[in-house]
Amino acid sequence: MSAPSAPPRTVICVGDVHGYITKLESLWSNLQSALPADAFATALVIFLGDYNDRGPHTRRVLDFLLSLPQRHPAQRHVFLCGNHDLAFAAFVGVLPPPPDGSPFSATWDEYLHNEEHEGWFRGPGYEGMHVQGRRWGGVIKERWNPKKGLPYRGSIYDAQPTFESYGVAHGSPDLAKAVPEEHKRFLRDMVWIHEEENVPIDTDEGQIICNLIAVHAGLEKSIDLNEQLRVLRTRDTRVPKVPMLSGRQDVWNTPKDLTGKHTIVVSGHHGQLHMDGLRFIIDEGGGYEDKPIAAIIFPSKTLIRSTEGTTSQG
C-alpha cells in the first residue's frame with residue numbers, strides 16, 4: 001500500500017482590517033482555535049488588503065502583520081495591497097515607480113475636477129506624488145459621508161486615524177519621517193494579486209481542486225483579463241485608479257473568461273459577505289466600529305469572525 005498523501009495545505013483569507021488591532025487579535029485567536037494545530041501552523045494566510053484608515057491603530061496593525069513570519073515560521077503569509085494601502089504608500093513615497101519612467105503627476109489629469117472638492121494635499125513633495133496619495137493626505141471640504149452615514153475623518157479615505165497612530169496631525173508631511181522603515185518596506189512590498197494553484201474547496205458535488213486568485217476588490221468584467229493581470233502582476237502605477245483594487249459593481253462577479261475554469265476569486269473591500277459558487281467577497285464591514293473582521297478557511301469554506309473589539313462587543 002502506498003502511504004496516504006499529506007492533506008492539502010489550509011488556506012485562510014482575511015478581510016479588511018482598517019486599523020482595528022483588537023479585532024485583528026481576536027480574529028487570529030479564533031482562527032487558531034477553529035483549526036487543528038498542524039493545519040493552522042502550516043496554513044497559507046492571505047490578507048486581502050486595507051490595513052489602515054478608519055480604525056485607531058494602523059501602526060499596531062502593521063506591527064502585528066510584520067511579526068507573523070517569526071511567530072509562525074511554517075505558515076506562508078501574503079499581504080495584498082488594498083486601495084487604502086496604495087494611497088498610504090503613495091503619500092509616504094514608497095509606491096513602485098511607473099514602468100515607463102513617467103512622473104506620478106501624470107496620474108492627476110483624469111481626476112483634476114475633484115481636486116478642490118476633495119482638498120488634495122498640496123504640501124511639500126506633492127509635485128511628485130501619485131493622485132491617490134494626494135487624495136489620501138488631503139482635507140475634504142464636506143464633513144459628512146452620505147454613503148456611509150458617518151463623518152469623514154480628515155480625507156475622502158478617512159486617513160486621519162492613520163496619521164494620528166504615528167503621532168502626527170492629519171495631512172502632515174512629517175508622516176514620511178514618522179513611519180518606521182520596516183513599515184515602509186511592508187508598504188513597498190505589498191502585492192496587487194496573489195495566484196495559487198491546487199487549492200481544494202468543498203462543494204455540494206464533493207471536493208474539487210481549483211486555482212485561486214486573490215485581489216482586493218475583484219476582477220473587472222469589461223477590461224481584457226490579460227490586461228488586468230498584467231497591471232496587477234507588474235503593479236503598474238501609471239494607472240490613476242486601479243479598478244481591481246477600488247471598483248464596486250464592475251468587479252463584483254467573476255469575469256466571463258474565468259467562468260467554468262475552476263478558479264476561485266476572493267476579495268475583500270466591499271463591506272459585506274458574498275459567496276456565490278467560486279466567487280467570495282470576505283469583508284463584513286471591518287472598517288466600521290460595530291462590525292467584525294471576517295476570514296474564510298478553505299477547503300471547508302468556514303467563516304470565522306472577530307468576537308472582541310467592536311463597540312457592540314465591548
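This report describes the pockets and cavities of a predicted model.

The largest pocket has a volume of about 860 Å³, and of the 32 residues that line this pocket, the closest to its centre are Arg-54, Asn-145, Lys-147, Lys-148 and Arg-248. By class, its lining comprises 7 nonpolar, 14 polar and 11 charged residues. The second largest pocket holds about 220 Å³ of space, and its lining includes Arg-54, Asn-145 and Lys-148, residues that are also among the closest to the centre of the largest pocket. Other residues lining the second largest pocket include Tyr-20, Leu-150, Pro-151, Arg-153 and Asp-158, together with Gly-287, Tyr-288, Glu-289 and Asp-290.

Turning to enclosed space, the structure holds 2 cavities of 30 Å³ or more. The lining of the largest cavity includes Asn-83, Leu-86, His-130, Gln-132 and Tyr-157, as well as Val-239, Pro-240, Lys-241 and Val-242, and the helices α4 (83-91) and α11 (243-246) each supply at least two of its lining residues. The second largest cavity is lined by Cys-81, Leu-86, Ala-89, Leu-95, Pro-96, Leu-187, Arg-188, Met-190, Trp-192 and Arg-235, with α4 and α9 (181-189) each supplying at least two residues. Leu-86 thus appears in the linings of both the largest and the second largest cavity, and α4 contributes to each of them.

The volumes and lining classes of the two cavities are set out below.

| Cavity | Volume | Lining residues by class |
|---|---|---|
| Largest cavity | about 60 Å³ | 6 nonpolar, 4 polar, 1 charged |
| Second largest cavity | about 40 Å³ | 8 nonpolar, no polar, 2 charged |

For the second largest pocket, the corresponding division is 4 nonpolar, 2 polar and 6 charged residues.

Definitions and conventions
Residues numbered from 1 in each chain as written. Predicted model: local features only at pLDDT ≥ 70, side-chain atom pairs only at ≥ 80, totals over all residues. Heavy atoms only, no water. 1 Å grid on protein atoms, 1.4 Å probe; cavity = no way out; pocket = protein on both sides within 12 Å on 5 of 7 lines; lining within 4 Å. Points joined across faces, edges and corners; volume = space filled by probe spheres on them. Nonpolar A, V, L, I, M, F, W, Y, C, P; charged D, E, K, R; others polar. Helix = DSSP H or I, 4+ residues; strand = E, 2+ residues; numbered from the N terminus.
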